[in-house]
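Me: I am new to this structure and would like a close look at one part of it. Please start from a single residue and its neighbours, and work outwards from there.

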Amino acid sequence: MFDPINAIAQWLAKLLAGWGLSSGLVNLILTLLGVVVVASFVLIVDIFLVWVERKVVARFQDRLGPNRLGPFGLIQPLADIIKLLIKEDITPVGADKVVYNLAPILALATVLMLWAVIPFAPTMLGADLNVGVLYIVAVGAVGTLGIIMAGWASNNKYALLGAMRTVALTIAYEVPMVISLLVPVILARSMSIHQIVNMQTIWYIVAAPLAAAIFLISAIAELGRAPFDLAEAESEIVAGFHIEYTGMKFGLFYAGELLHALTMGALFASLFMGGWRGPFVEQAPILGVLYLFLKAMFIYWVIMWVKYSLPRVRIDHMLNFNWKFLTPLALAVVMLTALADKALVEFGVSAGSLSYSLSMLAVNLLIGWITLSLLRSYARIERRRVAAPRPAASPEYSGVAKS
Amino acid sequence: MLFDYLPIIVLIIISTGLAGIAVLLGHLLGPRRPTLRKSVPYESGMRPIGPGARRMPVRFYLIAVLFILFDIEIIFFLPWAVVFKKLGLFGLVEMFIFIAILLVGYVYAWKKGALEWE
């Protein structure tokens with residue numbers, strides 16, 4: 001078994017114990033080191049996400065993207081950071097200084113905190129909380145607080161309006177997101193993300209494709225990315241909540257947004273796509289990190305694909321979609337998953353087996369088909385309503401229309 | 001048990017620390033040449049009219065109330081989903097009744113027009 005990270009940790013533990021430190025202190029030091037490694041690794045990935053994002057959007061728009069600094073423009077994000085650091089730091093008149101400076105810190109820190117519960121490999125995980133899913137929901141909500149702080153403290157109308165829109169959107173889409181998170185919890189019978197990944201001998205995206213789709217849609221809304229990017233609707237409110245921020249503070253919002261997208265990808269990968277699972281991961285646990293990041297990058301790419309392909313949706317359509325479609329659908333999926341699970345276990349199909357997953361898939365397809373036929377009949381009614389002759393405003397007007 | 005939370009506490013300190021250092025560095029390295037024009041809040045190049053923090057439409061708060069309504073009920077789901085298997089049929093029926101009660105509130109909110117963006 002090839003497992004360099006744990007080998008190093010054990011070697012360090014032995015070394016520190018040899019210096020005469022107590023086991024509690026050794027554990028504390030190892031935890032500190034591990035967390036520093038995770039945080040710096042994620043931040044370095046975050047820096048290169050700027051490059052990834054710019055390259056991918058360039059390809060979607062038939063351009064080349066950054067290609068001057070270093071091979072394939074890889075050093076571009078470092079140059080960007082230096083430029084952001086030496087920009088003037090402007091605080092607008094009438095801004096609430098403490099809240100104004102605290103908001104960007106919160107925006108990045110909360111996203112980084114989400115990585116505490118994501119298992120990187122079978123033997124590498126930050127905190128194996130038995131309430132991992134709850135932790136994700138809670139910390140995700142603190143990120144919303146950073147946005148409203150930024151909008152409120154900027155003393156700017158556009159910023160306040162953007163913050164209000166973001167918060168309305170985020171909290172509205174949090175409802176279907178949390179409900180769809182229940183499905184993996186029911187399937188794995190645990191809220192610990194480590195346990196959820198352990199149970200996925202067959203990826204949950206097979207057993208729960210609808211929950212995965214609902215989670216992805218509400219994650220995109222949570223991120224405030226197109227088609228849900230009303231918070232930064234350039235044609236209406238310029239830049240939204242971070243309009244007054246300059247230099248590194250703006251950079252923190254930007255880095256936080258990109259990292260949030262990757263974090264959502266990693267969460268999706270852990271909950272529905274087997275996390276670190278992949279070939280040979282039992283022999284060499286370090287491969288798990290690679291698999292997790294490959295899956296996370298794939299989801300990140302899907303999120304970018306959606307972002308650069310779809311136009312912005314109007315706010316009332318967006319909230320209607322959430323309250324009147326996504327939330328009831330998510331509730332129905334959870335209840336029918338619970339019912340099907342109970343029935344399958346009653347009939348002696350063991351949870352997690354292939355026949356179990358396929359039966360769950362059949363249940364999901366049935367729900368999807370019913371939903372689609374409901375939507376189709378609704379669309380038919382709507383079409384009939386629109387096509388019906390409308391009452392003319394006045395005789396002159398109808399005369400004009402005829403000629 | 002509480003020891004499980006140690007990495008999270010450490011990560012909270014480190015992440016806020018790193019972000020704080022980034023803000024501080026930007027503060028220290030950047031030039032500071034404030035002028036009156038520069039520090040006025042941006043409003044499409046005009047002088048801003050009225051205060052920045054103004055009254056917002058009430059529908060934003062309506063969404064917040066709806067969120068609280070749903071989210072608290074969903075928090076009850078999470079522990080149920082974990083012990084779902086142990087509770088047996090009783091737990092399932094119980095949760096269906098709970099969802100029926102939730103749906104009554106949902107239908108009421110819909111009919112009352114709370115879900116519309118008007």
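Reply: The starting point is A:Leu252. Leaving aside residues up to four places away in sequence, A:Leu252 touches A:Pro104, A:Ile105, A:Ala107 and A:Leu108 in chain A. On the side of chain B, A:Leu252 touches B:Ala19, B:Ala22 and B:Val23. The model is a predicted one, and what follows should be read with that in mind.

A:Leu252 also belongs to the largest nonpolar core, a set of 137 residues. Within this core, A:Leu252 and A:Phe268 touch the most other members. The element that gives the most to the core is helix H6 of chain A, residues 157–188, with 23 residues. Both domain 1 (1–86) and domain 2 (97–381) of chain A give residues to the core, so the core lies between them. As a general point, nonpolar side chains in soluble globular proteins tend to be buried together.

The two domains can be looked at next. The domain assignment of chain A places residues 1–86 in domain 1 and residues 97–381 in domain 2. Their centres, taken over C-alpha atoms, are separated by 23 Å. Where the two domains of chain A touch, domain 1 supplies 21 residues and domain 2 supplies 19 residues. On the side of domain 1, the elements that give two or more residues to this contact are helix H1 (4–18), helix H2 (23–60) and helix H3 (76–85) of chain A. H2(A) gives the most to that side, with 12 residues. By type, the residues on the side of domain 1 that touches domain 2 divide into 17 nonpolar, 1 polar and 3 charged.

The contacts of A:Leu252 with B:Ala19, B:Ala22 and B:Val23 lead on to the meeting of the two chains. This contact takes 68 residues from chain A and 52 residues from chain B. On the side of chain B, two or more residues each come from helix H1 (6–29), helix H2 (59–82) and helix H3 (84–112) of chain B. The largest share of that side, 18 residues, comes from H1(B). The residues on the side of chain B that touches chain A divide into 36 nonpolar, 8 polar and 8 charged. For the complex, the predictor gives an ipTM of 0.86 and a pTM of 0.87.

Now for chain B as a whole. Its secondary structure comes to 3 helices and 0 strands, in the pattern α-α-α along the sequence. The radius of gyration of chain B is 25 Å, well over the 13 Å that the globule rule gives for 118 residues, so chain B is more spread out than a compact globule. Along the principal axes, the C-alpha trace of chain B spans about 70 × 50 × 15 Å. Of the 118 residues in chain B, 17% are buried. The average pLDDT of chain B is 81, and 97% of the residues score at least 70. Confidence in chain B is highest in H1(B), at a mean of 85, and lowest in H2(B), at 82.

Chain A, which holds A:Leu252, has a secondary structure of 15 helices and 2 strands. The C-alpha atoms of chain A fill a box of roughly 100 × 70 × 40 Å along the principal axes. Buried residues make up 47% of the 403 residues in chain A. Among contacts in chain A between residues at least 6 apart in sequence, 76% join residues at least 24 apart. Chain A has an average pLDDT of 83, with 96% of the residues scoring at least 70. Helix H15 of chain A (residues 395–402) has the lowest mean pLDDT among the elements of that chain, at 54, and helix H9 (residues 209–223) the highest, at 89.

A second residue of chain A can be added to the picture. A:Thr327 is placed in helix H13 (residues 315–346) of chain A. A:Thr327 has 23 other C-beta atoms within 10 Å, and a residue counts as buried at 20 or more, so A:Thr327 is buried. Not counting residues up to four places away in sequence, A:Thr327 touches A:Val175, A:Pro176 and A:Asn322. The C-alpha atoms of A:Thr327 and A:Ser180 are separated by 9.2 Å, although the two residues are 147 residues apart along the chain.

Methods:
Residues numbered from 1 in each chain as written. Chains lettered and ligands numbered in written order. Predicted model: local features only at pLDDT ≥ 70, side-chain atom pairs only at ≥ 80, totals over all residues. Helix = DSSP H or I, 4+ residues; strand = E, 2+ residues; numbered from the N terminus. Rg over C-alpha atoms; globule rule 2.2 N^0.38 Å. Buried ≥ 20, exposed ≤ 12 C-beta atoms within 10 Å, placed from the backbone. Contact = placed C-beta atoms within 7 Å. Nonpolar A, V, L, I, M, F, W, Y, C, P; charged D, E, K, R; others polar. pLDDT = per-residue confidence, 0-100. Domains from an automatic or database assignment. Core = buried A, V, L, I, M, F, W, Y, C linked by C-beta atoms within 7 Å.
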